Every structure is written in C-alpha cells, then in structure tokens.
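Work through the exercises below with the coordinates open. Try each task before reading its solution.

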Amino acid sequence: MKFDSETCPPFDPDSLPLFREFATLLRQGSSRHLLRNDIVLGFEEFLQEKGEAIPEPETVDGLKRQVACIQELLLFEDEVIFQYRSGPGTYDFFSVHDSTGEVHPVTPEGFLDSREHLVGVDPVATEKKLKLDFRAFYTEGPFVEAPEKIGQGQKIVNDYVASKLNGDAGKWRNALARFLGARTLEGKPVLVDGSVIADAATLAAKVRQAVEALQALPRDTPLDSILPALRQWGLLEGFGNSPAAVIENLTLLLKVLGTPTPDQLEAFLSRLPLNSRVAVISPHGWFGQKDVLGRPDTGGQIVYILDQVKALEKHLVAMFREAGVTATPKIIVLTRLIPESEGTTCHERLEKIDGTENSFILRVPFMDDAGNIMTHWIPRFKVWPYLERFALDSREELNAEFGGKPDFIIGNYSDGNLVGALLASWMNVMQANIAHALEKSKYLFSALYWKDMEQDYRFSLQFTADLMTMNRADIIISSTAQEVAGTPRVVGQYESYSLYSMPELYQVTGGINLAHPKFNVLSPGVDESIYFPHQEKERRAVFDSEALARRLFEDEGEGIYGRLERPDLRPIFTMARLDKIKNLTGLVEAYGQDTALQQVANLIVVTRTLREERVTDHEEMQELKKMYQLIEGYNLHGKMRWVENTSRETGAEFYRIVADRGGVFVQPALFEAFGLTVLESMVSGLPTFATQFGGPMETIQDGVNGFWINPTQPERVSGPILDFFNKCRGDKGHWQKLSQAGIDRVNSSYTWRLYSKKLIRAANLYRLWNFAEHGKDKRKMDQYCDLIFHRIFKDRLKEF
C-alpha cells in the first residue's frame, strides 16, 4: 500500500486498538526510536502480516493516513509517545498506554524529555534545563497564513507595506519620505535631499512641481541639464537616466505616496539604486576559480557564488545605468586565505573574478588567539574557533576595499552566515542568509547524539550558530520551498530547528518561525556560457569533445581507473565529491548488485581524485577506499570507469558527451539541499535521476522531466534506471522526450537573471520595512542572539 494522501487528519482515537497492535509489532524490532520512513514501512509489513484479519477498510485507511503523519515514535515498555505533524511547524504530541489504551496529550518539552530518557540521558527535571525560545520576538508584522505560501516572504511584506501606505497613511508615508531622504550611494546622497524634505506632504508637493516642469521640456533634453533644477526641489540623482525616465519614476512615486497597489510599490522599489557595495561571505573550503572543485568542502557552493556574483553585477550595472547614477557596483566575495595553497590561488589576497568588471575574491587569513596565521586547510566542521577574529579582521579589510561599509551582506553556509551576522550587527547593514545545506537535516539524530559526534563534527557549535543566524537574518534565501517547510510528509531543513534538544546543553522549544516573511525562495540557475544543450555543436568546438570523450571511455593512464569491455553500451554518469552524503559509493553498490543493468549500461564516475596520496580529508579517504572495495567486491572491471577532474568546463562537456551517447546522469545523494548538478545535467539534455530527499523533488517533476530515486535502497536506485533504458529500447523517442523536457524545465524556471532581479528587489523592500517598523523587533532579537553567542557558543569553544 502506498501512502499518497497529502493531508493529515486529526489523530483519531477510534483506531487505537489497531495502532496498539502495530506498536506491539514494532517492539519486536531492535529500535526504540523510529522516524517516519521506518514507521511507514513497518506499518506496511504489519498490514501484510495481518492479511485476512484486517478489520474494516475504513479503519485501516484512516490509520494509514495518520501513520504517514507521525514523524517520530518512541517505544517504552508500556507506552508509546509520538510526534504528529499536521503541517509545517505544526505538531501535536500523544502518549498511548498499552495496558489501558488511554491517550494523553504530551507537551513539547515532555516529548523532548522522553526522547532524551529513551536514549539513556540521565533524567534531569525539565525546570532545570536551559531552554531557548525565539517566539517572543515574532509577535508583530505580517505572517504567512497558509503553508503553501511559505517562502513567498517578499510578496507578503510588499502587500503589507502597500496596505500600511493606504491604511496607516500618515505614519508610513512620512516614513517613506524619511527613508528616501536618508539614502546614499558610495557615501553620496541620492534620490531625496533629507535636509530639504522631511515629510510626505513636502515630498509630494516637490515631486509634482518637478514633474510639471519636466513635462514642459523637449524630450531630448540631456539629463545633466535638469539635475540642477531637480536639486532645487530637493530631488537628487537616481530617478532615471533621461527626463522621460525621471518623469515616469516620479509619477510612480506620487502613486506610492497616494493609495498604491502592491504592484506599484514593487515596481517603484525595484528601480531604486541602493546597493552598490555587496559583500558575499564564504569562509570555508578552497575558494578559487580553477583547480579547486572536488576538493574537500569545495563544490556546488563555490559554483553557486561565482555564478551569482556574475549575474548580480550585470544586473546592478544595468540598474544603475537606468537610474542615472554614476556609481560603479562592486561585489567582494570574502573567504579565507590559505598560505599552503597546494597549487591553487587560495594564497592570493585579492583575485579578480573572471567575467566581471569590478568583482573580486578577498582572502583574509584565519588566526589563532596568539595571532598566528593558520597556514593549512581546515575542514568546515572545525573552523569555528577562528571565525570571530576572522570577522573582526575582515571588517577592516572590507572597509578598505569598498571605501566604506557594504550596503548588503550575503552569508553562505553556517560559517559564512555567522560571520555575516557579526559583520551586519557591527556595521548596521542589511543581511541575507543562504544555508546551502543545513547539516542537522543530513545527519540523523545529530542533535540528540551530538556528544557522540562532537569530536568529528562540532555540531554543538554549528547548530547554535545556525539557530542564531537564521533568527537574526533580515532575509533567508532558499532554493526551494521544501528546504524551509518540507513537504506534507517530510520535515523541512529549517523546520527541523523548530523543536529539538541537545542533551545536557539546551532544549529548543521555539527555534524558528516558518510563518515569518523573511523566507524567500530564489532558485539559482546555471552559467549559460558553460552549460548548454548537447545539440549545440558549434558552441562545443572550444571544448575538444573528441579528446574528452576518449578520456571518459577509452584512455588509460594517470587519473583513470578501469576499462570498458563494451564502450558502446549506454553510459550511467555521476560526478560529485567523495563524501558520505553525496553517496557515490551507494550508486556503485546499486549498480554492482543489478546484473541486468550491467548488461545494458556502463557506469562512469568522476571525482576530484582517485589517488590516496592526494587525499587529506578523513571522510573522503573512507569513501575512496570503499569505492575500490566495491569495484573489487562486485567485480566491476570492464563495466565501470573512474576518472579524475577538477575543471568546471571539462565537467560541462562531460555531461554533453554522455548525452551524445544516450546516457543518463544520476545524483544519488542521501540528502541534497538543492543540487546544482541536477540543473547542469538537465540543461545539457541528459535525462536525470536524482535523490528524492531534498531539493530535486521541486527541480524535477517525476516522470515528466526527470526521475526521483530513493538512495537508501539499492534496488530503488538501479530499478528506475533499468526501466528507463528498457523503455528507450521499445520507444526510440523516449530518451529524446525526457532530454528536451529537462532542457525546457531549466530554461523556463531556473535563471540567474530572474534570481538577481528578485534578490535586489527584496533587499530594497526589507530595508524600507526595517526602517519604518521592523527595526525595533530586530534590535531585541540581536540582543538575545548576542547573549547566546557569548554565553553558549563561546563557552563551547573553550572545549576545543
């Protein structure tokens, strides 16, 4: 039976006798702490065992829907306690006693206490535990009213501000006038002279005078000749690059000062040139432009940021030109300087970003408490002791490079978000967060068993940093809605911070408010100059396709392992870092177990390296050794190739070469927040199979423009691929249909141009909201987060 209902009904006590039988079956297993997937599979087995003894179908169907809504279940000797999720961030907790059949509600704190007790934590009175609760800081302002609107924060705030300008008009219109009068660009006032115009009535009168005078001028009047007159009315540069454009934007401003529609407010704010200095923070990994991809902690995030910066600069340059301002946008990617750079550019302080006019990578070294520079690479899980000093040093470096403080800070991953939050607080700057991946969702029970993982992962620091920064951020950018709030059945990454405990450290009872409009889904795109459909032969001329095809399928030598007995078979292609979550070894195992698939397809694996002497990361070494063991264990010689690559351009052509041969791409990660490789393969025209856990569930429409796979079970990885190849044999157009559908999906929904436009519009909108109203709530939140930083985070640092 499949659990396909998308709504969670209220828990029904009438189904308790059957539920108690199910709990008895679960106790026969070894686990006393089960998550949803195991609960659902267990119930399927339970119904199969019951067979003809199953009661009336209505009771079974009702319980089946309810079981699918249970996220966690705790099995005690005579009691079952479970978490029932009726929607994103909406939970009920119940206790069912086996002997009496009584059902009692359980408090969230009681559930957390029971969970800790089940795993053997010494019982401590709940009153004695440190509890973190951010709910008191989310009492005012607009909130998302329906789960399906989570991630649409920009629209929620825009509608709210428009309604305030209509309803509470005097206060908000005056706030808008003061906001425009306080804007500067590179230290120079723009838009409105705040010394001349201090309220909405004066601003409206001056704008009307200006519009009337400008309308009397010839259409070809140069902008420079009207600026002196504009200044007499208290109006400055930034409203347009021609008299016609200035008239259009001032007329729009008058509508906003009147009774604006949400569309009019959005259009006006999206044109304001307010962000000329943008700092993008990404400390960990090997941040460079060449020969770094595939190194430990160095993959999709680097690609994302470089593409983001190129598109964002292009958008800002065009925006400033249309606004008639002379400022030159500058974007700085702030990362760590690594003196022992191993042949990369990571030892260089400043590096121009290719394909940009005025964007740079700025590297600042990590230093210990004694002021010694850390010369070697450090894993992302162990950077925490250096980040506060790094932020302090970076503040001075950014001020020097920008000639002042940034207008907008964008943090990336947990470490970049922490540094970004510190900088934004110290410099009073708008800040956005991008998680890329929240480790708490990737490692099961990682909060509950944090002490067991602490030596390797430092989760007490990372989860505390995440909790602070996601609450402190002005804007949270996610690539998909499920990243925030999950699906009707699966908890979202951010949602997982709503309620959890780290035994003997703290309990979180109100970690994040999913209904707050700070959450915005802005899906990234791909670099269209590198990633494009395989049919575009003329554009591929510079990539030396024949030589790269030989490297994938035929050549022998350094950086290549394995040969193909039948290179004419369709290729199954995968490319990623060697780490447990990316799960490349899981794909090899699935392929090794499926002899039928081996008869119709070869397996091609591309990673940064396949040589032990080039590996310094413990997890990468484990996966590398496991790969060799699987190849030997399943005797995949003659059926599989393993090839090294660190070039992004070469990787892009690899996709197209595999597409030329009618192959597929497989992304088998145990969890993937978004998955840029999924977009890259799809836009190349390569039918794509990707994990059902994470972002690909939104990127791919299953069976339409790609396929979902379950990477936790080998047969659920290899089975769909074999089915696809079999269909391709029977239907010659099936492969081409999926190929074109993938291309169309990316081109219609995932572009950096749209991303940049939405991001800058959001920065302007939230800056106005903070100025007019939300700022006071943020200051209280900042103080609470400062307390957590100094009394919890920095205390934990002392352990290392």
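**Exercise 1. Contacts of L223**

Which residues does L223 touch, not counting residues up to four places away in sequence?

*Solution.* The model is predicted.
- Step 1. Place the residue. L223 is in helix 8, residues 223–232.
- Step 2. Check its exposure. The relative accessibility of L223 is 15%. The cut-off for buried is under 20%, so L223 counts as buried.
- Step 3. List the contacts. Beyond four places in sequence, L223 touches G240, N241, S242, V246 and G324.
- Step 4. Take one partner, G240. L223 and G240 are 17 residues apart in sequence. Their C-alpha atoms are 8.5 Å apart in space.

**Exercise 2. The nonpolar cores**

Find which residues touch the most other members of the largest nonpolar core. Then trace the contacts of L180.

*Solution.*
- Step 1. The largest nonpolar core has 148 residues. L180, L203, L235, L250, I572 and F573 touch the most other members.
- Step 2. Take L180 and leave aside neighbours within four places in sequence. L180 is then in contact with V190, L191, V192, L203, L253, F268 and L272.
- Step 3. Look for another core. A second, separate core holds 71 residues, including A279, L362, M453 and L461.
- Step 4. Set this against the general pattern. In soluble globular proteins, nonpolar side chains tend to be buried together.

**Exercise 3. The two sides of helix 2**

Which residues of helix 2 are buried, and which exposed residues lie on the face turned away from them?

*Solution.*
- Step 1. Check the length. Helix 2 covers residues 36–50, which is 15 residues. Its first and last C-alpha atoms are 21 Å apart, close to the 21 Å expected at 1.5 Å a residue.
- Step 2. Pick out the buried residues of helix 2. They are R36, I39, V40, G42, F43, F46, L47 and K50.
- Step 3. Find their spread. They cover an arc of only 160° around the axis, so they lie on the same side of helix 2.
- Step 4. Turn to the opposite face. There helix 2 carries the exposed residues Q48 and E49.
- Step 5. Step past the end. G51 follows helix 2, with a positive phi near 55°.

**Exercise 4. Aromatic pairs and charges over rings**

What kind of pair do Y500 and Y506 form? Classify F573 and F654 too.

*Solution.*
- Step 1. Count the pairs. There are 45 aromatic pairs.
- Step 2. Take Y500 and Y506. Their rings are 6.4 Å centre to centre, with 65° between the planes. The pair is edge-to-face. Both Y500 and Y506 are buried.
- Step 3. Take F573 and F654. The ring centres are 6.4 Å apart and the planes lie at 80°. Planes over 60 degrees apart count as edge-to-face, so this pair is edge-to-face.
- Step 4. Locate this second pair. F573 is in strand 20 (residues 570–575) and F654 is in helix 22 (residues 648–660). They are 81 residues apart, and the pair links distant parts of the chain. F573 and F654 are both buried.
- Step 5. Look for a cluster. Ring pairs link F381, Y443, Y457, F459, F463, Y497, Y500 and Y506.
- Step 6. Add the charges. The charged end of R539 sits over the ring of F532, 4.0 Å from its centre. The charged end of R661 sits over the ring of F553, 3.8 Å from its centre.

**Exercise 5. Cover on helix 22**

How many residues of helix 22 are buried?

*Solution.*
- Step 1. Check the span. The 13 residues of helix 22 should span 18 Å at 1.5 Å a residue. The end C-alpha atoms are 19 Å apart, which agrees.
- Step 2. Count. In helix 22, 11 of the 13 residues are buried, and the helix is mostly covered.
- Step 3. Read the list. Among the buried residues of helix 22 are R648, E653, F654, Y655 and R656.

**Exercise 6. Loops on either side of helix 14**

Is H436 buried or exposed? Treat F445 and S446 likewise.

*Solution.*
- Step 1. H436 is in the loop between strand 14 (430–434) and helix 14 (439–442). H436 is not a glycine, yet its phi is positive, about 65°. At 18% relative accessibility, H436 counts as buried.
- Step 2. F445 is in the loop between helix 14 and helix 15 (450–457). Its phi is also positive, near 60°. F445 is partly exposed, with a relative accessible area of 26%.
- Step 3. S446 is in the loop between helix 14 and helix 15. S446 is buried, with a relative accessible area of 1%.
- Step 4. Leave aside neighbours within four places in sequence. S446 is in contact with E439, K440, M453, F459 and F463.

How values were computed: Residues are numbered from 1 along each chain as its sequence is written. This is a predicted model: local features need pLDDT of at least 70, side-chain atom pairs count only at pLDDT 80 or more; totals for chains, interfaces and linings use all residues. Side-chain values use heavy atoms; hydrogens and water are left out. A nonpolar core is a set of buried Ala, Val, Leu, Ile, Met, Phe, Trp, Tyr and Cys residues joined through side-chain atoms within 4.5 Å. Buried means under 20% relative accessible area, exposed over 50%, partly exposed in between (1.4 Å probe, protein chains only). Contact means heavy atoms within 4.5 Å. Helices (H or I, at least four residues) and strands (E, at least two) are DSSP runs, numbered from the N terminus. The expected span of a helix is 1.5 Å times one less than its number of residues. The arc is that of the directions from the helix axis to the C-beta atoms. Rings of Phe, Tyr and Trp (its six-membered ring) pair if their centres lie within 6.5 Å; planes under 30 degrees apart count as stacked, over 60 as edge-to-face and the rest as tilted. A charge sits over a ring if NZ of Lys or CZ of Arg is within 6 Å of the ring centre and within 35 degrees of the ring normal.
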